Amino acid sequence: MRRSMIVLGIAGVLIAGFTGPMGAAPQVQIGAAPQVQKVTIIMTENQFEPTAITLQAGVPVELTLVNKGKQEHDLSVYPAPASAPKDWDEYVTLHSYFENMGEVGVDFPGQGAVAGTRVFEIELEQGKSAVLAFTPTRKGIFEMGSHMPGQYEAGMKGSFVVK
């Protein structure tokens with residue numbers, strides 16, 4: 001009997017400790033989740049708007065791409081080459097900023113979503129949009145470009161900076 005009372009007494013102290021005074025819920029402070037960096041890039045004929053974006057490393061990003069142009073556009077992000085490569089598709093595939101950074105999600109509203117660890121370009125038809133969800137890890141200054149025929153050469157490029 002005495003042993004049962006000791007166990008009940010300990011249980012009562014533990015319950016009071018977890019529920020606080022008079023059975024109130026405990027006051028637990030949970031660290032705030034990191035804010036999401038939200039950036040929108042508008043794609044039109046031969047340009048990105050804005051032409052430069054800056055992101056904070058380690059903070060989640062929602063990058064919205066909107067194609068307001070009259071033709072298909074794409075976005076690739078990579079270290080700028082010293083000179084134009086012979087094959088942009090090969091260069092972009094081998095040097096994508098998004099490679100080996102973990103999962104990158106791409107939501108195409110009204111069409112579906114994909115996720116992967118080897119994203120190297122996002123193509124958008126006229127009037128379509130996409131939202132990339134990722135957490136930047138590599139710091140530096142990178143280039144973003146559209147490598148649909150003639151677009152990069154006509155000026156569809158910009159800076160992608162991660163601090």
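Reader: What makes β6 and β7 a pair?
Author: Two strands pair if DSSP finds at least two bridges between them. Strand β6 (residues 104–108) and strand β7 (residues 112–116) have 5 bridges, in the antiparallel sense, so they pair. In β7, Ala 113 is the bridge partner of Asp 107.
This is a predicted model, where local features need pLDDT of at least 70 and side-chain atom pairs count only at pLDDT 80 or more, while totals for chains, interfaces and linings use all residues. Residues are numbered from 1 along each chain as its sequence is written, and side-chain values use heavy atoms, leaving out hydrogens and water.

Reader: And how do you know that β6 pairs with β9?
Author: Those two share 3 bridges, again antiparallel, so they meet the rule as well. Val 106 stands opposite Leu 132 in β9.

Reader: Why is β7 called an edge strand?
Author: The open sheet runs β2-β1-β4-β9-β6-β7. β7 pairs on one side only, and so does β2 (47–49), so, going by the pairing rule, both are edge strands.

Reader: What makes α2 a helix?
Author: Helices are DSSP runs of H or I, at least four residues, and strands are runs of E, at least two, numbered from the N terminus. α2 covers residues 88–95, so it fits.

Reader: How do you know that the buried residues of α2 line one face?
Author: Buried means under 20% relative accessible area (1.4 Å probe, protein chains only). Here those residues are Trp 88, Tyr 91 and Val 92. Directions from the helix axis to their C-beta atoms define the arc; it is 95°, so they line one face.

Terms used. Buried < 20%, exposed > 50% of the residue type's maximum accessible area, 1.4 Å probe, protein only.
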